[in-house]
There are 2 protein chains.
Amino acid sequence: MAPVILSFTEENYLKAIYTLSEKDKTFDTSTNRIAEKINTKPSTVTDMLRKLTVKKLVTYEKYKKVQLTKTGEQMAILIIRKHRLWEVFLHGTLKFGWDEVHDIAEQLEHIHSEQLILRLENFLKYPKYDPHGDPIPSANGKLVQKQRSVLSEIDRGKSLQVVGVRDTSAVFLQYLKQLKIAIGTKIKVVEKIAYDGSLIISFKDNNQLNVSRKFSENILVSVIS
Amino acid sequence: MAPVILSFTEENYLKAIYTLSEKDKTFDTSTNRIAEKINTKPSTVTDMLRKLTVKKLVTYEKYKKVQLTKTGEQMAILIIRKHRLWEVFLHGTLKFGWDEVHDIAEQLEHIHSEQLILRLENFLKYPKYDPHGDPIPSANGKLVQKQRSVLSEIDRGKSLQVVGVRDTSAVFLQYLKQLKIAIGTKIKVVEKIAYDGSLIISFKDNNQLNVSRKFSENILVSVIS
DNA sequence: AGCTTTTATTTGATTATTCTAAAAATAAAG
DNA sequence: CTTTATTTTTAGAATAATCAAATAAAAGCT
């Protein structure tokens, strides 16, 4: 079949629906949540969901939850693949800071050319993760999940390595930079404060830091064995 | 001043007007010509010219000729700069064929990020020409015009691009049309015949043609580096 | 100049995306 | 199981970009 060409807007909706339903499998992906994610109004989302339904990219009945179809999910994954490969290029090749790459990749991910991405991937030597530690889907749309946990769920005493973030906003990333926390940074959970859910973590140099629950909920780690 | 953000469409119009008025300084840049260039209808162009006039990117009165303003020209040049730098990247770094790069660059040229282009240019080691031999404008919008020479003065073996004519008579121009030689046509000097000063030139398709001295004295070319 | 051809603009309509305000449906609370 | 609150959809309208058909202006040709 001929490759379906979608508009920037349509692609952004697919990506938003995909990431929302990945992040919160517990909640249904609602019109409101999508609207908030892509900075638009719920009524606009309703219209677009109709359109995407006609194109068989989502299954959706009004007042019911939204779900990506196989095709829709595949397309979303390929957009994410492009986004992450471009991030590797921006960070690794052009030396952008890891907090600067997102906005540009947001634009580059919509360039239509399969060849371009294949060659870019080859040039970048088939990276497995983007600068935020997120895995890069393969050309055939397979996404291998790394064993990752949210920092807030980790037991006291565990040694960890930061492998990614859930919040990719510039504010958060810049704060991390300030704290000198990046992908690969090794930390340890010293104590969990029951009172407000904050944690005390320590670094290699034994410096300690108290981080809020909101903070620890947005840091992805893997346990160092 | 804050950077003016234009839509893809607006940028394409500016680029089209720029290249048309460069190519045919003799003719006015007409609505029809623009329409043909960007594959749209003259009526659509009229509307857009109005819009661009309001934004002070072109000067235009109906039924009169169009001209870019200083700002409009600057923006056009910066788009062309982006286009050509991306072409260098696609050809030189990702190893695309020189005939494959245009369509992708056509999309990439609209990515909005000054930093991106500055860093890309640095990564590419400040190339002066794109894969088609066209010069790359500098970051401050200066475009060095290609060095024009008369075809009769060119040494054997050189690859050239036709950039203009000295004789603008209808007879000559029609003859050129018949030979399928136009602005932009790429040729190569195969041999110079000492006897009568004629030359043998070859085309992309390897067809050869013997042209008289009178002919070659009226063709302007630039050497493709 | 006067007629014809070409070129350019206006008019009215269409598609995509978006919004506000109002209405309707669903979910939550008592 | 009503009433209230929340969520979602509808209705109506706006903007950007586009086109086809009708009209107007300019250019070309006797």
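How many strands form the open sheet of chain A, and in what order? The first legend gives the reply. The model shown in every view is predicted.

**View 1. The open sheet of chain A is built from 6 strands.** The order of the strands is S3-S8-S4-S5-S6-S7, and their pairing is antiparallel. Strand S3 (149-150) and strand S7 (208-211) of chain A stand at the edges. Each of these two has a single partner strand, so one side of each is left without a neighbour in the sheet.

**View 2. At one edge of the sheet, S3(A) pairs with strand S8 (residues 219-223) of chain A.** The two strands run in the antiparallel sense and are joined over 2 bridges. Within this pair, A:Val150 is placed opposite A:Leu220 of S8(A).

**View 3. Chain A and chain B meet in a contact that takes 14 residues from chain A and 14 residues from chain B.** On the side of chain A that touches chain B, helix H5 (101-108) and helix H6 (114-123) of chain A are the elements that give two or more residues. H6(A) gives the most to this side, with 4 residues. By class, the residues on the side of chain A that touches chain B comprise 8 nonpolar, 4 polar and 2 charged.

**View 4. DNA strand C is surrounded by 19 residues.** The closest are A:Ser7 and A:Thr40 from chain A, with B:Ser30, B:Asn32 and B:Ser43 from chain B. At least two residues of the surface near DNA strand C come from each of these elements: helix H1 (8-23) and H3 of chain A, and helix H2 (31-37) and H3 of chain B. H3(A) gives the most to this surface, with 5 residues. The surface near DNA strand C has 10 polar, 5 charged and 4 nonpolar residues.

**View 5. DNA strand D is likewise surrounded by residues of both chains, 19 in number.** Here the closest residues are A:Ser30, A:Asn32, A:Ser43 and A:Thr46, together with B:Ser7. Helix H2 (31-37) and helix H3 (42-54) of chain A each supply at least two residues of the surface near DNA strand D, as do helix H1 (8-23) and helix H3 (42-54) of chain B. Which helix gives the most to this surface? H3(B) does, with 5 residues. The residues of the surface near DNA strand D divide into 10 polar, 5 charged and 4 nonpolar.

Technical notes
Residues are numbered from 1 along each chain as its sequence is written. Chains are lettered from A and ligands numbered from 1 in the order in which they are written. This is a predicted model: local features need pLDDT of at least 70, side-chain atom pairs count only at pLDDT 80 or more; totals for chains, interfaces and linings use all residues. A residue is near a molecule or strand if its C-beta atom, placed from the backbone, lies within 6 Å of it. Ala, Val, Leu, Ile, Met, Phe, Trp, Tyr, Cys and Pro count as nonpolar, Asp, Glu, Lys and Arg as charged, and the others, Gly among them, as polar. Two residues are in contact if their C-beta atoms, placed from the backbone, lie within 7 Å. Two strands pair if DSSP finds at least two bridges between them.
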